[in-house]
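Visitor: Take me in for a close look at one part of this model, please. I'd like to hear about the salt bridges, and then how they sit in the rest of the chain.

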Amino acid sequence: MLLLIEQGNKTLFTDFYSSNFKRMILVADKYVKDTAVAEEIVQDVFLKLWEDKGMIETIKSVRSYLYRSVVNASINYVNRQKNMERHHLQIAEQLTEAQIEEDDLKNEMIVLLYEEIELLPEKCREVFKLSRLEGLKYRDIAAKLDISEKTVESHMGNALKILRARVLKRSEERGRGEHPVFLLLLALYLY
């Protein structure tokens with residue numbers, strides 16, 4: 001049978017795959033505890049066997065090769081997951097209270113900015129989003145909206161004037177007006 005697989009007999013390989021696939025999923029699932037992941041691992045093992053026919057010469061027992069390959073791939077998967085989890089925990093532990101506060105403030109300011117953008121007059125809002133959020137140049141915005149560049153400039157001027165005043169007022173109401181994160185966001189979006 002190995003010789004026929006080595007020669008590329010697709011029908012035989014498909015039969016071999018079908019007769020062993022479910023059993024190998026059960027083997028992988030003992031380790032990974034996730035049927036979808038187990039299926040993926042088993043498929044990868046069969047694919048490797050099909051693609052690297054040269055290694056078939058070294059296999060003495062197909063059943064033990066499959067079993068060992070699936071177990072090894074499953075253990076590797078579990079180890080990678082544990083390493084990723086450890087890495088994420090390390091990152092979470094290294095976050096300082098100041099970093100958490102800064103991220104929270106930044107998110108608060110972004111939400112505030114987006115709320116204010118949505119309150120702009122329709123054309124001002126559209127022009128502002130195209131310019132500042134999508135990065136289009138005035139001439140591209142003018143072509144897209146079928147208006148003149150001067151009109152785009154006018155809408156942007158109005159949008160920036162309105163947003164600066166509203167965002168500054170709301171941030172001061174929240175006691176955030178002079179905070180560096182707030183000033184950075186103002187500089188990025190509104191100047």
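**Salt bridges up close**

Guide: Let's start with Arg 166, which is partly exposed at 31% relative accessibility. On this scale buried means under 20% relative accessible area and exposed over 50%, with partly exposed in between (1.4 Å probe, protein chains only). Bear in mind that this is a predicted model, where local features need pLDDT of at least 70 and side-chain atom pairs count only at pLDDT 80 or more, while totals for chains, interfaces and linings use all residues. Residues are numbered from 1 along each chain as its sequence is written, and side-chain values use heavy atoms, leaving out hydrogens and water.

So what does Arg 166 pair with? Its side chain meets that of Glu 116 in a salt bridge, at 3.7 Å from N to O. Arg 166 sits in helix α8 (residues 149-173) and Glu 116 in helix α5 (residues 97-118), so the pair ties together parts 50 residues apart in sequence. Helices here are DSSP runs (H or I, at least four residues), as are strands (E, at least two), numbered from the N terminus. Unlike partly exposed Arg 166, Glu 116 is buried, with a relative accessible area of 5%.

Next comes Glu 118, which bridges to Lys 129 with the closest N and O atoms 2.6 Å apart. This pair also links distant parts of the chain: Glu 118 is in α5 and Lys 129 in helix α6 (residues 122-133), eleven residues apart. Both ends are partly exposed: Glu 118 has a relative accessible area of 41%, and Lys 129 has 25%.

The remaining pair stays inside α6, where the side chains of Glu 126 and Lys 123 meet at 3.6 Å, N to O. Why is the spacing about one helical turn? Because Glu 126 and Lys 123 are three residues apart in α6. As a general point, an α-helix has 3.6 residues a turn, so residues three or four places apart point the same way. Glu 126 is partly exposed at 29%, and so is Lys 123 at 36%. The rule for all this is a side-chain nitrogen of Lys or Arg within 4 Å of a carboxyl oxygen of Asp or Glu, and by it the count comes to three salt bridges.

Now for the surroundings. The protein chain has nine helices and zero strands, and 33% of its 191 residues are buried.

As for the nonpolar side, a core is a set of buried Ala, Val, Leu, Ile, Met, Phe, Trp, Tyr and Cys residues joined through side-chain atoms within 4.5 Å. The largest one has 21 residues, and those touching the most other members include Phe 13, Phe 46 and Leu 66. Elements giving two or more residues to this core are α2, α3 (35-51) and α4. Apart from it lies another core, of 17 residues, among them Leu 113, Ile 141, Leu 145 and Leu 160.

Back in the largest core, Phe 46 is worth a click: leaving aside residues up to four places away in sequence, it touches Phe 13, Phe 16, Tyr 17, Asn 20, Phe 21, Met 24 and Leu 66. Contact there means heavy atoms within 4.5 Å. Leu 66 is also one of the buried residues of α4, along with Val 62, Tyr 65 and Val 70, among others.
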